[in-house]
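User: I'd like to learn how to read a ligand site and a domain boundary. Can you walk me through them?

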Amino acid sequence: MNNQDISVIRELVAGGTPTPFYYYNMELLRKTLQEIQQQALKYGFEVHYALKANSNDRILQKILPYLSGADCVSGNEIKKAIENGFKAEKIAFAGVGKSDREIDIAIDEDIFCFNCESIQELEVINERAFLKQKIVRIALRMNPGINANTHHYITTGLEENKFGINRWELDKVMLTLQKLPNLKLTGIHFHIGSQITDLMPFRSLCLKVNEIQEWFDNQHINLEHINVGGGLGVNYEQPDVENIPDFAAYFKLFHDFIYLKPNQKLHFELGRSVVAQCGSLISKVLYVKEGIKTNFVILDAGMTELIRPALYQSYHKIENLSVPPDENGFAYDVVGPICESSDCFGKAVSLPLTKRGDIIAIRSTGAYGEVMASQYNLRDLAPSFFSDDL
Ligand code: LLP
């Protein structure tokens with residue numbers, strides 16, 4: 001973490017701000033957004049921000065001038081995006097289980113597109129649109145059958161997943177669509193998983209997209225847009241070395257490998273890569289408990305504030321902001337206060353000699369941190385602080 005952030009956080013805590021809290025480096029977020037905008041603009045690509053990664057109002061307001069599109073997965077996310085200035089005509093609505101109420105919200109707002117995942121869903125959206133005498137734009141979420149080599153909880157492109165329509169179901173889907181006059185097919189949608197750091201699965205996705213496009217071509221069906229979802233990963237191990245993901249290489253790969261027709265637009269839905277690195281969960285050490293083999297650092301933050309390590313065994317860099325780093329540090333298991341053994345942020349974490357009251361930062365928590373918080377054990381939700389206010 002940079003020195004400026006460290007001193008701001010130390011001052012906050014010294015001034016009596018209770019921990020835990022989320023801290024966002026808004027300058028890093030701005031630079032990340034600028035880079036995405038620049039690289040995507042080169043090829044005329046459109047990026048929708050995936051609200052599920054972080055839907056804090058302040059974060060959304062920062063994102064809006066750079067990425068005007070949004071990717072929402074619930075009626076409330078659609079409302080939240082619109083409240084924060086995102087235009088309905090740039091909102092994609094995804095999700096394998098859209099409720100009637102959510103479908104109605106999206107129809108009333110006249111959003112850009114529904115990303116649809118099953119025949120039954122198409123029929124229901126058509127029915128709701130008919131009741132409102134509207135024609136709605138839909139894209140078919142195709143399951144490309146690609147292994148993204150990421151955590152099995154966050155891979156989505158394989159055939160046995162609950163997501164998407166399989167290639168072999170396409171004939172049936174198209175026959176059904178012919179009988180659904182309130183739907184207009186405008187695109188196809190894909191998403192192969194999240195936290196993908198090796199670009200090869202994205203290359204496979206491009207080839208798959210071309211293959212599926214050819215099928216539509218042969219049927220003389222013109223698609224206005226192709227949406228390749230999100231999934232670009234971030235460097236959790238070294239957040240300061242690579243604080244902005246390599247968007248140049250990412251977008252170039254799609255430019256090089258996807259065959260787009262004239263007037264066809266390529267859309268993306270990026271979440272993690274936009275916001276992960278700008279956020280840190282800040283906590284204080286409540287106790288240091290010495291065991292026989294293991295010493296525990298017990299924090300006042302737990303899986304209620306950040307569930308990723310407990311849920312996916314995911315790695316987040318942990319730093320002691322109260323004392324300078326020490327190469328000959330000590331190995332601690334860093335745990336939270338919740339009565340669950342999975343409430344552990346890291347095992348054998350190397351930290352300098354750590355004591356009660358030290359400030360601890362859990363890094364790269366801007367994505368899927370705050371949004372996945374719970375009030376288990378009747379704990380309060382952690383507040384957020386933004387560098388541009390401090
Ligand atoms: N589009 C669709 C259809 C998605 O399902 C997702 C994420 C995204 C876009 C955004 O993907 P991203 O660019 O953020 O990888 N809670 C998990 C991550 C779940 C991701 C779900 N889908 C975690 O903490 O790692």
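User: Let's start at the ligand. How far is an oxygen atom of the ligand from an N or O atom in the side chain of Ser194?

Analyst: Keep in mind that this is a predicted model. For a polar contact, look for a pair of N or O atoms within 3.5 Å. Here the Ser194 side chain puts such an atom 2.4 Å from a ligand oxygen. Tyr368 does something along those lines, with a polar side-chain atom 2.6 Å from an oxygen of the ligand. With Gly231 the partner is a polar backbone atom, 2.9 Å from a ligand oxygen.

User: And how much of the ligand does the protein bury?

Analyst: Start from the ligand on its own, which exposes 580 Å². The protein then buries 91% of that area.

User: Which elements give two or more residues to the shell around the ligand?

Analyst: Those are β10 (265-270) and α11 (308-312). The shell holds 18 residues, and the ones that come nearest are Ser194, Glu269, Arg308, Tyr312 and Tyr368.

User: What is the make-up of that shell in nonpolar, polar and charged residues?

Analyst: Sort the residues by class and count: you get six nonpolar, six polar and six charged.

User: Where is Tyr368, and what is its phi?

Analyst: Tyr368 sits in the loop between β16 (359-362) and β17 (384-386). Its phi is near 55 degrees, a positive value although the residue isn't glycine.

User: Now the boundary. Into which domains is the protein chain divided?

Analyst: Check whether each domain is a single stretch of chain. Domain 1 comes in two pieces, 3-22 + 277-389, while domain 2 spans 27-274. Their C-alpha centres lie 33 Å apart. Both domains feed the ligand shell, each with at least three residues.

User: How many residues of each domain are in contact across the boundary?

Analyst: Domain 1 brings 22 residues and domain 2 brings 24. Together the two domains bury about 2100 Å² between them, with carbon and sulfur atoms giving 51% of that area.

User: One last backbone item: which residues does a cis peptide bond join?

Analyst: Look at omega. For the bond from Thr19 to Pro20 it's about -5 degrees, and that bond is cis. Pro20 belongs to the loop between α1 (3-14) and β1 (21-24).

Note on methods:
Residues numbered from 1 in each chain as written. Predicted model: local features only at pLDDT ≥ 70, side-chain atom pairs only at ≥ 80, totals over all residues. Heavy atoms only, no water. Near = heavy atom within 4 Å. Polar contact = N/O pair within 3.5 Å; in protein donor to acceptor, adjacent residues only side chain to side chain. Areas by Shrake-Rupley, 256 points an atom, 1.4 Å probe, with all protein chains shown as cover. Helix = DSSP H or I, 4+ residues; strand = E, 2+ residues; numbered from the N terminus. Nonpolar A, V, L, I, M, F, W, Y, C, P; charged D, E, K, R; others polar. Domains from an automatic or database assignment. Contact = heavy atoms within 4.5 Å. Buried area = accessible area lost by both parts, 1.4 Å probe.
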